[in-house]
Amino acid sequence: MAQRKLPPLAALRAFEAAARHESAKQAAEELAVTATAISHQVRSLEESLGVALFVRKPRKLELTGPGRELKDVLESAFDNISAAVDRLRSAPQRQAITLTTTPVIASRWLLSWVCMLRETHPSIDLRIHASHEAVALDGITADIAIRYGDGRWPGMVAEKLLDNTFIPACSPLLGLSDVSDLPNHPLIHFHSPAAGSGPVDWAGWQKLAKVPGLDVSAGLVFSDETHAVSAAVGAQGVALMSRELIEDELAAGRLVQPFGPEIKVKAFYLVYPESRQHEPTIQAVRDWVLAVPGGVCTL
């Protein structure tokens, strides 16, 4: 593209305003400069172009032929620029926010309901950071989190979302109903790379159940809790998992709870910095999470 050879923009603006108002004084008021500055810019433009743009009369500027031609072109160009700027200013500004949570919460609870956030806040770009590690809510790594714990994090707002009750669960195809038959079926384990075992493991469960002959170290081991759920649905063994996260499978009969005991552990909380609790984007994501079906814990 050939390089444009244009006079200074300040001179073009001064001329266009003076031509529109037919007055250096009124142009000066519009552009918040002095009438002398307008006159200087117009004369500089005339010298640059080598043509007279105005016939100067007492209390009035009258356009010459070249002046009228340039005025029409500039007026149209500045109108187009103004319209484009107005469109950009009125367009919704996109905002990105990162929510961090465990892979199982992300895949089995949140992802099905992202459409709710898009419908109510289409300008928000949600980024989901799925990890078993608790990362900093510093506005860089993440902004808001779903974590399990006791609800006490210094400097953070924590709102309870879900209880967290671990139960034995398996496919009804196993035909398991008596706890004494559990040693005849493979156990399914979940061990995250970051945190080792989950909040409850089979060894902890066995301390309560005291099932004779149960080898709590044997069985299938997964590093992703969603894979453990899939294995249980596929009748590959008996898993120990959070009832709140397999409600769909239990309701549909793809999984059953053949027996107890149940173990209630720390709940899931929505967590975000106190210093940011009134930010519109934080509030929008908070409201969305609290509106997710099954998300608000009934105390």
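F259 is buried, at 10% relative accessible area. The model is predicted. The ring of F259 pairs with that of W205: the centres are 6.4 Å apart and the planes meet at 40°, so the pair is tilted. An angle of 40° is neither under 30 degrees nor over 60, so "tilted" is the class that remains.

**The W205–F259 pair**
- W205 sits in helix α7 (residues 202-209).
- F259 lies in the loop between α9 (247-252) and β12 (263-264).
- The two residues are 54 apart in sequence, and their pair links distant parts of the chain.
- W205 is buried, with a relative accessible area of 0%.
- F259 also counts as buried because its 10% falls under the 20% cut-off.
- W202 joins W205 and F259 in one aromatic cluster.

**The Y148–F268 pair**
- The count of aromatic pairs comes to five.
- One of them joins Y148 and F268, with 5.9 Å from centre to centre and 75° between the planes.
- This pair is edge-to-face, as its angle is over 60 degrees.
- Y148 belongs to strand β5 (residues 144-149) and F268 to strand β13 (residues 267-273), so the contact ties together parts that lie 120 residues apart in sequence.

**Exposure of Y148 and F268**
- Y148 is partly exposed, at 35% relative accessibility.
- That class applies because 35% lies between the 20% and 50% limits.
- F268 is buried, at 5% relative accessibility.
- The edge-to-face pair therefore joins a partly exposed Y148 to a buried F268.

How values were computed
Residues are numbered from 1 along each chain as its sequence is written. This is a predicted model: local features need pLDDT of at least 70, side-chain atom pairs count only at pLDDT 80 or more; totals for chains, interfaces and linings use all residues. Side-chain values use heavy atoms; hydrogens and water are left out. Rings of Phe, Tyr and Trp (its six-membered ring) pair if their centres lie within 6.5 Å; planes under 30 degrees apart count as stacked, over 60 as edge-to-face and the rest as tilted. Helices (H or I, at least four residues) and strands (E, at least two) are DSSP runs, numbered from the N terminus. Buried means under 20% relative accessible area, exposed over 50%, partly exposed in between (1.4 Å probe, protein chains only).
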